[in-house]
Amino acid sequence: MRILLTGGAGYIGSHTLVELLANKYKVCVVDNLSNSNIEFISRVQNITKKEFKFNLVDICDHNALSKVFESFRPEIVIHFAGSKSVKESFDNPLKYYKNNVFGSINLLNVMDKYSCSKIIFSSSATVYGNPEYLPIDENHKVSPSNPYGHSKLMVEKIIKDWSTTYNNKSCILRYFNPIGAHESGLIGEHSHDHPNNLLPIIENVFIGKENNLKIYGNNYKTPDGSGIRDYIHVVDLAKSHVAGIKFFDGTKSSDVFNIGTGKGNSVFEIVSIYEKVAKKNIPYVVEGRRKGDISESVADPSKARTKLSWKAELTIEDAIKHSVNWKLKNPNGYNN
Ligand SMILES: NC(=O)c1ccc[n+]([C@@H]2O[C@H](COP(=O)([O-])OP(=O)(O)OC[C@H]3O[C@@H](n4cnc5c(N)ncnc54)[C@H](O)[C@@H]3O)[C@@H](O)[C@H]2O)c1
C-alpha cells in the first residue's frame, strides 16, 4: 500500500511516518519545511532503518504536487500539512484560509486527477469551541472560536462533500492535545516560531531559554482555576492513523473520530508532573486569559475504540518523560 503524507516532516507527521514504516507501508512525504527541518529524514531512518521518499513541495503548488502523484501513485493520503497556531490565525487569518483551506482543495483536486480516493485528515478538537458538555463526543455541536478552527471545520466539510459526491473514503481525526516525543529522543516537537502550546513553552523554561512559564488564567471554572486539556502522547496519536488506514477496509465511506485519552489535566497539574519527572522547578507567573482559549476540553474517545479498535496506551508521565528526554538531547529542536 502506497501512502502519501502531506506535512510528514512535522511533529505529528514524523511520528506517524515511523509507525507506518514499522507497519511496512510504502511512504512518500511532501513538505515545504515551513515548520520543520530536513534533518527529520536521517532521524526517522535512524529509528526505523527503513527508506521512504521525500519531496520538498508546497501543497498549494498544483503542478509540483501533480508530479509527485504521477511518479508515486498514492492509494491513500494522510493530510497533516497546514498552519496550526490559534494566536497567529487571529493576526493573519488569510494565511490560514490559504494554507489550510486552499491547500486542501488543491490536494483534493490532484487526488481526483490521479484517482486517489482515500484521505485521512488531521482535524482538531478546536472545531468544538466552548463545550456544552464533557467529555465531548463527535455529536457535540461544532462552533470554533478562532480562524484556525474555522479553517479546520471548512476543510472537514469540503472533505465530507467530496467523499459523498464521488463515493470516496475519508477519515477525519479530531486530535485533542498531542504532547511528548519518540522514546529515542531523535524526533519531537520542533517549531520555527515561538511556541504557543503548553509543553514546548515548559520545555523552554526547563532548559533556561525562558525565565518562567506564563499561565494564562487561573480563574476558570475548574478545580484549580487553570485550563484543563486532554493531553495525548504523540506516539499514541500516530498509531491512530494506522487504525484509520484499516478503517478504509470497512464498508462505511466517511466518518469522524475524536483522538484523545478521555482524561483531563490542568495546567498546574502538568507543571507539577513535569517538575517531578524533570527533577527541576518550573517557575511560573499567572497572566490574564488568552484570546480564543476555553476552560476545559476532554474527549470522549469511545467511538475510536469501538470503530477503529484504537485507544491511547501511554500515560501522561510517559509523555512528559519523553518530552524531557527530547529537549535534553535537542535543546534547539533539529537546529543543534
Ligand atoms: N499539534 C497540535 O496541537 C495539533 C492539534 C490538533 C490538530 N493538529 C493538526 O495536525 C496537523 C499536524 O500538526 P503538527 O503539530 O505536526 O504541526 P507541524 O507544524 O509540526 O507540522 C505541519 C507540517 O506541515 C508542513 N507544511 C505547512 N504548510 C505546508 C504547505 N503549504 N505545503 C507543504 N507542507 C506544509 C510544515 O512544514 C510542517 O512540517 C496540522 O494540520 C494541525 O493543524 C495539530
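Which residue in E12 does Arg-229 stand opposite? In this predicted model, the partner of Arg-229 is Asn-265 of E12.

**The three-strand sheet**

The pair belongs to an open sheet of three strands, ordered E12-E9-E14, in which the pairing is mixed. Strands E12 and E14 form the edges, each pairing on one side only. E9 and E12 run antiparallel and are joined by two bridges. The residue ranges of the three strands are as follows.

| Strand | Residues |
|---|---|
| E12 | 265–266 |
| E9 | 228–229 |
| E14 | 296–297 |

**The chain as a whole**

The secondary structure of the chain comprises 11 helices and 14 strands. Along the principal axes, the C-alpha atoms fill a box of roughly 55 × 45 × 40 Å. The radius of gyration is 19 Å, which agrees with a compact globule because a globule of 336 residues would have a value near 20 Å. Of the 336 residues, 48% count as buried. Among contacts in the chain with a separation of 6 or more, 81% are between residues 24 or more positions apart.

**The shell around the ligand**

The ligand is surrounded by 28 residues. Gly-7, Gly-10, Ser-36, Ser-122 and Ser-124 are the closest of these. By class, the shell divides into 15 polar, 10 nonpolar and three charged residues.

Which elements supply at least two residues each to this shell? They are two helices, H1 (11–22) and H5 (93–113), and two strands, E5 (118–124) and E7 (177–179). H1 gives the most, with three residues.

**Helix H7**

Helix H7 spans residues 198–206 and is mostly covered, with seven of its nine residues buried. The buried residues are Leu-198, Leu-199, Ile-201, Ile-202, Glu-203, Val-205 and Phe-206. What do the buried residues of H7 pack against? Their packing partners are the strands E7 and E8 (213–216) together with the helices H9 (267–278) and H11 (316–329). E7 thus has two roles in this description: E7 supplies at least two residues of the ligand shell, and E7 also packs against the buried residues of H7. Just after H7, Gly-208 adopts a positive phi of about 85°.

Notes. Residues numbered from 1 in each chain as written. Predicted model: local features only at pLDDT ≥ 70, side-chain atom pairs only at ≥ 80, totals over all residues. Near = placed C-beta within 6 Å. Helix = DSSP H or I, 4+ residues; strand = E, 2+ residues; numbered from the N terminus. Nonpolar A, V, L, I, M, F, W, Y, C, P; charged D, E, K, R; others polar. Buried ≥ 20, exposed ≤ 12 C-beta atoms within 10 Å, placed from the backbone. Contact = placed C-beta atoms within 7 Å. Rg over C-alpha atoms; globule rule 2.2 N^0.38 Å. Pairing = 2+ DSSP bridges.
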